[in-house]
Amino acid sequence: MFDFTGKTALLTGAGRGIGRAIALGLAKGGANLILCDINEEALKATGAEAAAYGVRVKTVCLDVADEPAVRAAVAAAIAEFGRVQILINNAGIYPPRNFLESTSADWKRMIDINILGTMYASHAVLPNMLENGYGRIVNIGSVAGHYGLSWFVDYSMTKGAVIAFTRALAKAVTPKGVTVNCVSPGSIDVTGDEHMTEFSFVGRSGTPEECANVVLFLASDEASYVSGQEYLVDGCRRLM
Ligand SMILES: NC(=O)c1ccc[n+]([C@@H]2O[C@H](COP(=O)([O-])OP(=O)(O)OC[C@H]3O[C@@H](n4cnc5c(N)ncnc54)[C@H](O)[C@@H]3O)[C@@H](O)[C@H]2O)c1
């Protein structure tokens, strides 16, 4: 377990799945949290679970594609906690679809959430991190962005952008004490009923906690010499 005592972390998509597991891992390590999600009910449930670890938790119901809302959440977090040391850009959507049957409205919504949402939060939080000479940004990519998946063409594009954003931003801010890394999950069972044996040499889907573990490492002080990297958490992927 990593020690996040005295740290404040802002996390998007905290309501369920991988985001919920990250939220609980950060809370267990002692981080104060600003949890964001578009789903208020799920957000409140994660918030209550996290608060049970005795940390301060603020929940903000927002759409990460709403730039003013994201900027307001970051400003409120800084006003309340003084600093934000950790940002986890986890919120994302991944509807499988035939590219030729998808529309530009579909692509735009996905770009707004998966790419621009990540950029808005990073852009809003970075001045505070740079001012303090310390920060950890962890973006959630995907094997789709790494390899390209045929039923996730537009999704693959957005996650490829997140991976490239990670590499480029790291070069800009690492000299000032802010590391930027990306975790690209493979098949993670967020519903508890996905038993995908064929996609990995491990022979099963991963759990949200197994994915969160790598995110927590990258968010910790222990990852001080790691920046600009993409970590695949895919159980050694079998099919592309
Ligand atoms: N589960 C997997 O197998 C897998 C694989 C590769 C990548 N990922 C990525 O991991 C991240 C988390 O995925 P998950 O599987 O936990 O998903 P999930 O659908 O279980 O949870 C996503 C959470 O994000 C929230 N969210 C969605 N759109 C939002 C928006 N516009 N603004 C704010 N919150 C929003 C949802 O309400 C939900 O609580 C995503 O970026 C996803 O692309 C997941």
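How many Å separate the centres of domain 1 and domain 2, taken over C-alpha atoms? Let's work through this and some further exercises together. Please keep in mind that this is a predicted model.

**Exercise 1. Describe the two domains and the contact between them.**

Step 1. Start with the bounds. The domain assignment gives domain 1 as residues 1–92, while domain 2 is made of 130–138 + 145–240.

Step 2. Now the opening question: the two centres, taken over C-alpha atoms, are 18 Å apart.

Step 3. Look at who takes part in the contact. Domain 1 contributes 16 residues and domain 2 contributes 19 residues.

Step 4. Zoom in on the side of domain 1 that touches domain 2. Helix 1 (17–28) and strand 4 (86–89) each supply at least two of its residues. The largest share, 7 residues, comes from helix 1.

Step 5. Sort that side of domain 1 by class: there are 9 nonpolar, 4 polar and 3 charged residues.

**Exercise 2. Describe the shell of residues around the ligand.**

Step 1. Find the residues that come nearest. Among the 26 residues around the ligand, these are G13, G15, G17, I18 and G92.

Step 2. Ask which element gives the largest share of the shell. That is helix 1, with 3 residues.

Step 3. Check the domains. Domain 1 and domain 2 each provide at least three residues of the shell.

Step 4. Sort by class: the shell has 13 nonpolar, 10 polar and 3 charged residues.

**Exercise 3. Place strand 2 among its neighbours and decide whether its residues are buried or exposed.**

Step 1. Count along the strand. In strand 2 (residues 32–37), 6 of the 6 residues are buried, so the strand is mostly covered.

Step 2. Look at each face in turn. N32, I34 and C36 lie on one side, L33, L35 and D37 lie on the other, and both faces are covered.

Step 3. Find the partner on one flank. Strand 1 (residues 8–12) runs parallel to strand 2, and 5 bridges join them. As an example of a bridge, A9 has L33 of strand 2 as its partner.

Step 4. Find another partner. Strand 3 (residues 57–61) is also parallel to strand 2 and joined to it by 5 bridges. Here L35 stands opposite T59 of strand 3.

Step 5. Trace the connections. Strand 1, helix 1 and strand 2 form a right-handed β-α-β unit. Strand 2, helix 2 (residues 40–51) and strand 3 form a right-handed β-α-β unit as well.

**Exercise 4. Do the same for strand 5.**

Step 1. Count again. Because 6 of the 6 residues of strand 5 (residues 135–140) are buried, this strand is largely enclosed by the rest of the structure.

Step 2. Separate the directions. G135, I137 and N139 point one way, and R136, V138 and I140 point the other way.

Step 3. Look at the pairing with strand 4. These two strands pair in the parallel sense over 4 bridges, and I86 has R136 of strand 5 as its bridge partner.

Step 4. Look at the pairing with strand 6 (residues 178–185). Strand 5 pairs with strand 6 in the parallel sense over 6 bridges, and V138 stands opposite N181.

Step 5. Trace the connection from strand 4. Together with helix 4 (residues 104–132), strand 4 and strand 5 make a right-handed β-α-β unit.

**Exercise 5. Decide whether A170, Y225 and C236 are buried or exposed.**

Step 1. You will need the cut-offs: 20 or more other C-beta atoms within 10 Å means buried, and 12 or fewer means exposed.

Step 2. Take A170, which is found in helix 6 (residues 153–173). A170 has 20 C-beta neighbours inside 10 Å, so A170 counts as buried. Leaving out residues up to four places away in sequence, A170 touches T179, V180, S227 and G228.

Step 3. Take Y225, in the loop between helix 7 (208–219) and strand 7. Y225 has 6 other C-beta atoms within 10 Å, so Y225 is exposed. The C-alpha atoms of Y225 and T179 are separated by 8.4 Å, although these residues are 46 residues apart along the chain.

Step 4. Take C236, in the segment after strand 7 (230–233). C236 has 11 C-beta neighbours inside 10 Å, so C236 counts as exposed.

Step 5. One last look at C236: its phi is positive, about 65 degrees, although C236 is not a glycine. Most residues other than glycine have a negative phi.

Notes
Residues numbered from 1 in each chain as written. Predicted model: local features only at pLDDT ≥ 70, side-chain atom pairs only at ≥ 80, totals over all residues. Domains from an automatic or database assignment. Contact = placed C-beta atoms within 7 Å. Nonpolar A, V, L, I, M, F, W, Y, C, P; charged D, E, K, R; others polar. Near = placed C-beta within 6 Å. Pairing = 2+ DSSP bridges. Right-handed = clockwise from strand over helix to strand, strands pointing away.
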